[in-house]
Amino acid sequence: MPRFYRWLLYLYPSLYRRAYGDEMISVFRDAQADVSDGSFGERICFRAREAWGLLAGAVQEHLSIISGRYQLISFTRFNMRPEFRFPRSTVFLMSIIFAGVILAMEKAHTIQVKYAAGAGSIWPSLPWFLGLALLFTCVTAILVWGILFALGRTGAHRLAKIQPGTNMTN
Amino acid sequence: MEPLPLTEPVLLVLLSLAEQPRHGYSILKDVERMSGGRVKLSTGTLYGALRRLLEGAWIERVEEDESPRDRRPYRLTSRGRRNLQLEVERMRHLTKLAALRIARKEA
């Protein structure tokens, strides 16, 4: 896991890694030593929490750099810039839609089993669906991170700071 | 001033530092202890919060010659303490209001 942890740290911007990387590894080692005597479930939960924390943190740090404002993704609830507001109702609606899609798939699966017994199903079962959804989310997150990383490298985020009429060579 | 309200993990990190300067692992354990094991921060979440708090000058690093580079303590600044007091005051008002409303409903 420490090697995997170090590898995940490379997802962070290099400045952030230089500033906090050593401390994070040290804290991770201490925390890992704490759970080393715990149950298998505790160790899995710890690793999943750490991996997820690093992935989410890396995306957040890249977004902060690209926006040019560290306050964009703040530590307050849904506190974004006024022109980039993410309404709370959207989260609620998305959850309802997601639940509706899952229920519809389950219903379709039940109907298919009922009326076409013996025929092979083209729909995956719920655990498989959730697994595939998780895989899809991870792949999307990696792609988004790649795009953000590429944008950061090209310096596209600096374009927003350029004042009209100023000398570009400054 | 940074906008309020704070999320629970950030509030607990600030409360942890309000008592005394602490390094990362000490904050992690103190937050877990304060929340009765309910809030377990990952290192990614902890250092994301610490970075933002440093950025907003709510906390600062304690520069100690003898402390190793990977165990640098952090402490609350006067700005951080003032904002924490504001947040606690807000919560106290909310709790008082909630108690009054609940009592009125029950009566």
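Start by selecting Ala57(B), which lies in the loop between H3 and strand E1 (59–61) of chain B. The model on screen is predicted: local features need a pLDDT of at least 70, side-chain atom pairs count only at pLDDT 80 or more, and totals for chains, interfaces and linings use all residues. Residues are numbered from 1 along each chain as its sequence is written, while chains are lettered from A and ligands numbered from 1 in the order in which they are written.

Helices (H or I, at least four residues) and strands (E, at least two) are DSSP runs, numbered from the N terminus.

**Stop 1: Ala57(B)**

Look at the backbone of Ala57(B). Its phi is positive, about 60 degrees, although the residue is not a glycine. Is Ala57(B) buried or exposed? Ala57(B) counts as exposed because it has 12 C-beta neighbours inside 10 Å. The rule is that a residue is buried if 20 or more other C-beta atoms lie within 10 Å of its own, exposed if 12 or fewer, and partly exposed in between, with C-beta atoms placed from the backbone.

**Stop 2: the whole of chain B**

Now select chain B. It has 4 helices and 2 strands, in the order α-α-α-β-β-α from the N terminus on. Of its 107 residues, 31% count as buried.

Colour chain B by pLDDT, the predictor's confidence in each residue, from 0 to 100. The average is 89, and 93% of the residues score at least 70. Among the elements of chain B, helix H4 (residues 78–106) has the lowest mean, 91, and E2(B) has the highest, 95.

Select H4(B) next. This helix of 29 residues reaches 42 Å from its first C-alpha to its last, close to the 42 Å expected at 1.5 Å a residue. The expected span is 1.5 Å times one less than the number of residues. How many of the 29 residues of H4(B) are buried? The count is 2, and the helix is hardly covered.

**Stop 3: the nonpolar core**

Select Val13(B), Leu28(B), Leu46(B), Leu50(B) and Ile59(B). Of the 31 residues in the largest nonpolar core, these touch the most other members. Such a core is a set of buried Ala, Val, Leu, Ile, Met, Phe, Trp, Tyr and Cys residues joined through C-beta atoms within 7 Å. Both chains contribute: H2 and H3 of chain A, together with helix H1 (8–19), H2, H3 and strand E2 (74–76) of chain B, each supply at least two residues. In soluble globular proteins, nonpolar side chains tend to be buried together.

Keep Leu46(B) selected. Leaving aside neighbours within four places in sequence, it is in contact with Gly24(B), Ile27(B), Leu28(B) and Leu41(B). Two residues are in contact if their C-beta atoms, placed from the backbone, lie within 7 Å.

**Stop 4: where the chains meet**

Show both chains. The contact takes 24 residues from chain B and 23 residues from chain A. On the side of chain B that touches chain A, the elements giving two or more residues are helix H2 (24–34) and helix H3 (43–55) of chain B. H3(B) gives the most, with 9 residues. The predictor gives the complex an ipTM of 0.83 and a pTM of 0.61.

**Stop 5: chain A and its second helix**

Select chain A. It has 5 helices and 0 strands, and 12% of its 170 residues count as buried.

Zoom in on helix H2 (residues 14–35) of chain A. At 1.5 Å a residue, its 22 residues should span 32 Å, and its end C-alpha atoms are 29 Å apart, which agrees. Where does H2(A) bend? It bends at Tyr20(A), by about 55 degrees; the bend is the angle between axes fitted to the seven residues ending there and the seven starting there.

Tyr20(A) is also one of the buried residues of H2(A), which include Tyr16(A), Met24(A) and Phe28(A). The buried residues of this helix pack against helix H1 (2–9) and helix H3 (40–67) of chain A, together with H2 and H3 of chain B.

**Stop 6: Glu106(A)**

Select Glu106(A), in helix H4 (residues 88–115) of chain A. Glu106(A) is partly exposed, because 14 other C-beta atoms lie within 10 Å. Add Ser125(A) to the selection: the two residues are 19 apart in sequence and 7.9 Å apart in space, C-alpha to C-alpha.

**Stop 7: confidence in chain A**

Colour chain A by pLDDT. The mean is 76, and 70% of the residues reach 70 or more. Confidence is lowest in H4(A), at a mean of 79, and highest in H2(A), at 90.

Finish with two stretches. Over residues 71–84 of chain A, pLDDT stays under 50, and the model has 28 contacts beyond four places in sequence for them. Over residues 166–170 of chain A, pLDDT also stays under 50, with 0 such contacts.
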